[in-house]
Amino acid sequence: MRKFFRVIPILILAISAKAQVDEARIRVEKLCSPEFHGRGYVKGGDSIAAEYLASEYQKIGLKKFKAGYFQEFSFAVNTFPGEMKVVSEGHELIPGVDFIVDPACPAAHKDLKLVRLSVSVILNEKQLIDSLVKYKEDQSVGYILEGGKYGADTNKLMQQVSRDLTAVAPVFYETEEKFTWSVANSQTSNALIQLRPGLLSNSASVNIDAVLIKEHKARNVIAYIPGKKHNKKLVFTAHYDHLGRMGATTYFPGANDNASGTAMLLTMAEYFSKNKPEYDVCFIAFAGEEAGLIGSNYFVKHPMIKLKKIAFLINLDIMGSGEEGITVVNATVHPDQFEELKKINSELDLLSLVKERGPATNSDHYWFSEAGVPAIFIYTMGPNKHYHDVDDTYQELSFAAYEQITSLLIRFSEAVQY
Ligand SMILES: [Zn+2]
């Protein structure tokens, strides 16, 4: 009998699966649209996303905690709200495509004479020091660290030196590696710009606006669905923030990271709003993840639900593909639950692979694990390699395993709660 009852929700879900993915697509496209400004720190992007999520919670019928849907906190963040211009010999470089600024880059408005430092100079301490001494007094000098195809160790060294040199002058670091942007909470003394090799001549004019916000206010968006019993909770989490804008015209949409997981959190909320769970199910959309897991850290320090009552937590981050299955972080910490996931996956013939991974500090599950809450973090694997770049767009998402993952999560939710 029990088996029979368990099949019903799966059937309902299968019928509504297409509608579910369509709805997720609409939500992801919205979260990635220019009006959300990359859900970061310029033009209130993350705040606009928080309001949108609260309105979706309301529509779905999620319950508020006493304090409401929001949990506010603040942190320091470096932002790029205005000009983002690098011009060399009349050629204007394209932000995000030709170059990215280091997240800790300060404002810079300068015409620079450029001094090239080849890899052989970098590797020779004496030559490097000689070059630096030579231009020590010249305020108009910037350095270019010449890019090339070096080994991993040399690349690492070049990166380190480029960072160190910002103590004395603006630095351009030529690289053919993929641009991967992030968020900083402080500024360096001088600008650091990563760019494609061969774009600069012997001079460049740089106009970059940067503002270090000491107390940026952000909000976690939290709600729940009451179950039949309240002594245990199942928690779904996903961060909704991303990197925001790098200048007035360039933004990072963050489709896979993590509009996709945010949409899946809402899909799960919708499911449980129509199918009353055995125990309470909570939903936390975190802010400040990209700035250093700040929203989840704040929640764990100021929990709106007793951490001890959390039977299990599932963090969803990067859920937009899945052609090659999913990876489960903390699988080795919770082997029974991981086995259950694999069992359900093969029973229902859902994903090509449910891959085991040990603990990692790479998303919001981390602080919960540290606090002793049983938690896993699931991410999808597939051909989409866009990550923290301007090409992580809605159009690039396949949603290849979206239905399969939600089916897996629903069945797993039942198993883990009983
Ligand atoms: Zn993420």
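1. Phe 399 is buried, with a relative accessible area of 6%, and it belongs to the loop that runs between β18 (375–380) and α10 (402–417). Although Phe 399 is a residue other than glycine, its phi is positive, near 55°. The model is a predicted one, and this backbone value should be read with that in mind.

2. Asp 349 also calls for a look at its backbone, since phi is positive there, about 55°, although the residue is not a glycine. Is Asp 349 buried or exposed? Asp 349 is exposed, and its relative accessible area is 67%, a value that lies over the 50% cut-off for that class. The residue sits in the loop between α8 (335–348) and β17 (354–357).

3. A further backbone point concerns the peptide bond that joins Asp 257 and Asn 258, which is cis, with omega about 0°. Asn 258 is placed within helix α6, which covers residues 255–274, and a colleague checking the geometry of the model may wish to view the bond in that setting.

4. Asn 190 lies in the loop between β7 (171–174) and β8 (192–195). With a relative accessible area of 16%, Asn 190 counts as buried, because the cut-off for that class is under 20%. Which residues does Asn 190 touch, leaving aside those up to four places away in sequence? They are Pro 106, together with Thr 166, Ala 167, Val 168, Ala 169 and Pro 170. The C-alpha atom of Asn 190 is also separated by 6.7 Å from that of Cys 105, although the two residues are 85 apart along the chain.

5. Helix α7, which comprises residues 294–301, is mostly covered, with 6 of its 8 residues buried. The buried positions in α7 are Ile 294, Gly 295, Ser 296 and Asn 297, followed by Phe 299 and Val 300. What covers these buried residues of α7 includes the strands β1 (70–79), β10 (211–225) and β14 (279–286), as well as the helix α9 (365–370).

6. The domain assignment divides the protein into domain 1, made of 2–77 and 214–417, and domain 2, made of 83–208. The contact between them takes 16 residues from domain 1 and 14 residues from domain 2. The C-alpha centres of domain 1 and domain 2 lie 37 Å apart.

7. As for the overall form, the C-alpha trace spans about 85 × 40 × 35 Å along the principal axes of the protein. The radius of gyration is 24 Å, which agrees with the value near 22 Å that a compact globule of 418 residues would have. The two descriptions are best read side by side. The protein holds 10 helices and 18 strands, and, among contacts between residues at least 6 apart in sequence, 83% join residues at least 24 apart.

8. Buried residues make up 56% of the 418 residues. The protein exposes about 17,800 Å², of which carbon and sulfur atoms supply 53%. How many positive and negative side chains does the protein have, and how far apart are the centres of the two sets? There are 45 positive and 50 negative side chains, and the centres of the two sets lie 8 Å apart.

Key: Residues numbered from 1 in each chain as written. Predicted model: local features only at pLDDT ≥ 70, side-chain atom pairs only at ≥ 80, totals over all residues. Heavy atoms only, no water. Helix = DSSP H or I, 4+ residues; strand = E, 2+ residues; numbered from the N terminus. Rg over C-alpha atoms; globule rule 2.2 N^0.38 Å. Buried < 20%, exposed > 50% of the residue type's maximum accessible area, 1.4 Å probe, protein only. Contact = heavy atoms within 4.5 Å. Areas by Shrake-Rupley, 256 points an atom, 1.4 Å probe, with all protein chains shown as cover. Lys, Arg positive; Asp, Glu negative; His and termini not counted. Charge placed at Lys NZ, Arg CZ, Asp CG, Glu CD. Domains from an automatic or database assignment.
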